[in-house]
Amino acid sequence: MNPILQQIQHHAAALPISSQAELLNYAVYLEQKARKKTPITSNQARREGLAQALAQAVALNPFAEIADPVVWQREQRQDRNLFGRDDAD
């Protein structure tokens, strides 16, 4: 097996599922970029491409492990003081 591919697999295995899905999306993007697809000109072809991309995103379900979205959002958010608002007491 390719040593670079082994390294990618090793690092991907250590990531949480949501990050693995993000890595997969990036790999698909790079694959498409390498193929240098011709630009889609018709609206119908654009709609079909978008529908296919959305179906793939739904199939990945990267947030399935999140039991409570509100709690998850609070854990992820980093609140910062607003300039001129929080420093005057």
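This is a quick briefing on the fold, surface and a few local details of the protein.

The model is predicted, so keep its ground rules in mind: local features need pLDDT of at least 70, side-chain atom pairs count only at pLDDT 80 or more, and totals for chains, interfaces and linings use all residues. Residues are numbered from 1 along each chain as its sequence is written, and side-chain values use heavy atoms, with hydrogens and water left out. In short, you're looking at four helices and zero strands, with a radius of gyration of 20 Å where a compact globule of 89 residues would have one near 12 Å.

**Overall build**

- Read along the sequence, the pattern is α-α-α-α; helices (H or I, at least four residues) and strands (E, at least two) are DSSP runs, numbered from the N terminus.
- The radius of gyration quoted above is taken over C-alpha atoms, and the globule rule is 2.2 Å times the number of residues to the power 0.38.
- Along its principal axes, the C-alpha trace spans about 60 × 40 × 25 Å.

**Surface and charge**

- Just 3% of the 89 residues count as buried; the cut-offs on relative accessible area are under 20% for buried, over 50% for exposed and in between for partly exposed (1.4 Å probe, protein chains only).
- About 8400 Å² of the protein is exposed, and carbon and sulfur atoms supply 56% of that; the areas come from the Shrake-Rupley method with a 1.4 Å probe, and for residues only the protein chains shown count as cover.
- There are 10 positive and 10 negative side chains, and the centres of the two sets lie 15 Å apart.
- For that tally, Lys and Arg count as positive and Asp and Glu as negative, while His and the chain ends are not counted; each charge is placed at NZ of Lys, CZ of Arg, CG of Asp or CD of Glu.

**Helix α2**

- Isoleucine 17 is found in α2, which covers residues 17–35, and counts as partly exposed because its relative accessibility is 43%.
- Isoleucine 17 and lysine 33 are 16 residues apart along the chain, and their C-alpha atoms are separated by 24 Å.

**Helix α3 and the loop after it**

- α3 has 18 residues and reaches 26 Å from its first C-alpha to its last, close to the 26 Å expected at 1.5 Å a residue; the expected span is 1.5 Å times one less than the number of residues.
- Glycine 49 lies in α3 and is partly exposed at 31% relative accessibility.
- From glycine 49 to alanine 34 it's 15 residues in sequence and 18 Å in space, C-alpha to C-alpha.
- Asparagine 61 sits in the loop between α3 (43–60) and α4 (69–76), and has a positive phi of about 45° although it is not a glycine.
- With 43% relative accessibility, asparagine 61 is partly exposed.

**Aromatic pairs**

- Rings of Phe, Tyr and Trp (its six-membered ring) pair if their centres lie within 6.5 Å; planes under 30 degrees apart are stacked, over 60 edge-to-face and the rest tilted.
- By this rule, the count comes to two aromatic pairs.
- One of them is phenylalanine 63 with tryptophan 72, an edge-to-face pair at 5.9 Å centre to centre and 65° between the planes.
- Phenylalanine 63 is partly exposed at 48% relative accessibility, and tryptophan 72 is partly exposed at 35%.
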